[in-house]
Amino acid sequence: MNLARIAAIPLRQLYLYRGSAARIVPLFAWVTIDMVLWGFMTKFLGSLAHTSYRFVPALLGAVLFWDFMTRVMQGVTTAFFEDVWSRNFLNVFATPITMPEYISGLLFTSLATSLVGLAVMIVVATAAFGLHFAAYGTMLLPFILVLFLNGMALGVIAIAIVLRFGPAAEWFIWPIPALLAPFACVYYPLATLPVPMQWLARLLPPSYVFEGMRAVVSGHTLNGTLLAGAFALAVAYIILAYWIFSSVFRHAVKTGLIARYSAETVS
Amino acid sequence: MQNGAAPTPVSSHDPVLRVESLRKHYGAIEAVKGITFHVCPGEIVGLLGVNGAGKTTTISMILGVLEPTAGSIHIGSVDLLRHRSRALSCTNFAAVYAPLPGNLTVYQNLRVFALLYGVHNFAARLEEVLDAFDLHRFRDTKCGLLSSGEQTRVGLAKAMLNRPQVLLLDEPTASIDPASAKDIRSTIRSFAARTQTGVLWTSHNMYEVEEVCSRVMFLSQGEIILEGDPRALPAEYGKSTLEELFISVARDPLDLGALEP
């Protein structure tokens, strides 16, 4: 792996962000709106329930972590879309950059942009709604790590879809988090779902994180084995995502799609 | 894809680009039919042919963005298909259909591609290419705001950033005025002579081809059907100009035998 070639990908994104309010504002605007919306929703639910259930860390915290995972995915896809939008594939892929280097560059970009979003959400949720991360104890970092890995895997699968089916397939990508949210058990326990949906939920690492999060804030013991399993599952999805992207890229080179990407198909 | 030291020719006379029995099929369509050619250090070779003859397909394969159905491509001594990254570190290209991103400035684009091509001492190299293509005043201008001719010059600056052993130019002066085109031809010729870069040049401007190329190859329906010195070739086939020969070959490549000297 050549670090200079990896650095070229985030550097390009930095140049784009530096001169573009249209790119900078979405880094924090939507997550701020989500925090405000769900912050008041949490307060309202807390006032209705008259129970000791801790809505702020259980619900607002879950929304925050889900938004973080979404930002990680979008960090990868948006950086890739910049090459799609500027028809830059031929220039980039005719350089010596390798696939692991290109993907690593996208992941570093995503890490930077998603951390900005996370920092903004933490400030808003803490200052305005009293979310204290101490509620998650030592599990905070493992929760974030599993969601980060899962977001990366989703991002890489998403860009493989766009590379395979052309620029218009971008519209398959934006709704992916919304499609997964019901199965990820962000807002409710796994047991709420019908049994067939629970099977699907168990295939998603975030469902273990959110189950674990609710257990911790309710004072129950977290099942460490399940969280370790979620970590292993997220790593497996990253490997699978990379394999899918590499296969799609090889197909694109074989068929000439890279050289004629704007045509969307070479058939 | 592998990394490693830059490929070098075995000796200064060995080809920097060797293409052997190169084929590309798209299903039943055979776009390139087993062509073989080479480019030597410092040589500028013209790849001529009508639209759809297979020129861009050939260039895409040499750039590593299109996998050949059969055949081999060597950059110096390095097999492109086996050691893609290593081979591409010594290659570069400019094409009218591949402008650099318009939302970055000239400097930013060149900085990013310098990293991708592993260019050392970027600041000095940037000054050299900006000088060579008269781009200093556009250094901090977004490429999308430049005229098409200026964008072409930025593309050429990018193409020379890494001092490639093999430079692929697909109609490099297509959108440039005649005066600028003449300067650019002169810059590319002196670059090739000074750095011993081998250049594969496609153009539909036969005057330009005669001026810059020491050898030309006519590609027709995926095959090389003629090859030689662009200044001597027309007379050998009873034509007064290269353009006249091009038109004859384009209209009826199968009748080439009738033209033979």
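**Helix α11 of chain A and the contact with chain B**

In this predicted model, the buried residues of α11(A) are Leu227(A), Ala230(A), Ala234(A), Tyr237(A), Ala241(A), Phe245(A), Phe249(A) and Ala252(A). These buried residues pack against three other helices of chain A, namely α5 (99-129), α6 (140-165) and α10 (205-217). The helix α11(A) itself comprises 32 residues, and the distance from its first C-alpha to its last is 46 Å, close to the 46 Å expected at 1.5 Å a residue. After α11(A) comes Gly256(A), which has a positive phi, near 95 degrees.

The same helix leads on to the contact between the chains, in which 25 residues from chain A and 25 residues from chain B take part. On the side of chain A that touches chain B, α11 (224-255) is one of the helices that supply at least two residues each, together with α1 (3-18) and α4 (89-93). The largest share of this side is that of α1(A), with eight residues. Sorted by class, the side of chain A that touches chain B consists of 15 nonpolar, seven polar and three charged residues.

As for confidence, the model has an ipTM of 0.87 and a pTM of 0.89. The average pLDDT of chain B is 88, and 92% of the residues in that chain score at least 70. Residues 1-10 of chain B, however, have a pLDDT below 50, although this stretch makes 28 contacts in the model beyond near neighbours in sequence. Where pLDDT is low, the predicted coordinates should not be read in detail.

Notes. Residues numbered from 1 in each chain as written. Chains lettered and ligands numbered in written order. Predicted model: local features only at pLDDT ≥ 70, side-chain atom pairs only at ≥ 80, totals over all residues. pLDDT = per-residue confidence, 0-100. Contact = placed C-beta atoms within 7 Å. Helix = DSSP H or I, 4+ residues; strand = E, 2+ residues; numbered from the N terminus. Nonpolar A, V, L, I, M, F, W, Y, C, P; charged D, E, K, R; others polar. Expected span 1.5 Å × (residues − 1). Buried ≥ 20, exposed ≤ 12 C-beta atoms within 10 Å, placed from the backbone.
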